[in-house]
Amino acid sequence: SSGINAEWPLRPGDNGDIDADVALAVNTAQFVFECCGLVDGPSWWKTNGNTQVPPGCCSEWGGEDLPASGLMTCAETTYDVGCTQKVNDMADEFGVVIIVVMVVIIVFELLCLIAACYSKKQEMVA
């Protein structure tokens, strides 16, 4: 697949070459989770007077095709939270639910195992 050439910088001044499919996936994830970059939000790109960020960092992007340069200026909101922090916040928020679901599944599996053993024992007695 075609790559976005060196004009799609990992950081202003970098000459990173990122595959177009990977760039679209990363931008879509940033857009869905309403985050920007890994740690510091848009500050990774907003250096040396640059005001452009990856489109996934902009609330108005909507998931369409990437701009030719791979960066755009947000007309509305630029997500300020890094994606690492956003994922950690989600894990904290849903951690208890995940643990409860896992415990319920384990208990169900144990009940099925006990029922199967009991059924096999009854079959052997008869």
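Me: Which residues of α1 are buried?
Reply: This is a predicted model, where local features need pLDDT of at least 70, side-chain atom pairs count only at pLDDT 80 or more, and totals for chains, interfaces and linings use all residues. Numbering starts from 1 along each chain as its sequence is written, while side-chain values use heavy atoms and leave out hydrogens and water. Buried means under 20% relative accessible area, exposed over 50%, and partly exposed in between, with a 1.4 Å probe and protein chains only. In α1 that selects Ala-23, Asn-27 and Gln-30.

Me: Why do they count as being on the same side of α1?
Reply: The arc is taken over the directions from the helix axis to the C-beta atoms. They share a side of α1 because their arc around the axis is only 60°.

Me: What distance does α1 reach from its first C-alpha to its last?
Reply: Helices are DSSP runs of H or I with at least four residues, strands are E runs of at least two, and both are numbered from the N terminus. The expected span is 1.5 Å times one less than the number of residues. α1 has 14 residues, and its reach is close to the expected 20 Å. The model gives 20 Å.

Me: What is the relative accessibility of Gln-30?
Reply: Gln-30 sits in helix α1, residues 20-33. Contact means heavy atoms within 4.5 Å. Leaving aside residues up to four places away in sequence, Gln-30 touches several residues, including Trp-45, Tyr-79 and Cys-83. Gln-30 counts as buried, at 4%.

Me: Which residue forms an aromatic pair with Phe-31?
Reply: Rings of Phe, Tyr and Trp (its six-membered ring) pair if their centres lie within 6.5 Å; planes under 30 degrees apart are stacked, over 60 edge-to-face, and the rest tilted. That rule yields 1 aromatic pair. The pair is edge-to-face, 5.9 Å centre to centre with 85° between the planes. The partner of Phe-31 is Trp-61.

Me: How many residues apart in sequence are the parts that this pair ties together?
Reply: Phe-31 is partly exposed at 25% relative accessibility, whereas Trp-61 is buried at 4%. Phe-31 lies in helix α1 and Trp-61 in the loop between α1 and α2 (83-125), so the pair ties together parts separated in sequence by 30 residues.

Me: In what order do the elements run from the N terminus?
Reply: The protein holds 2 helices and 2 strands. Their order is β-β-α-α.
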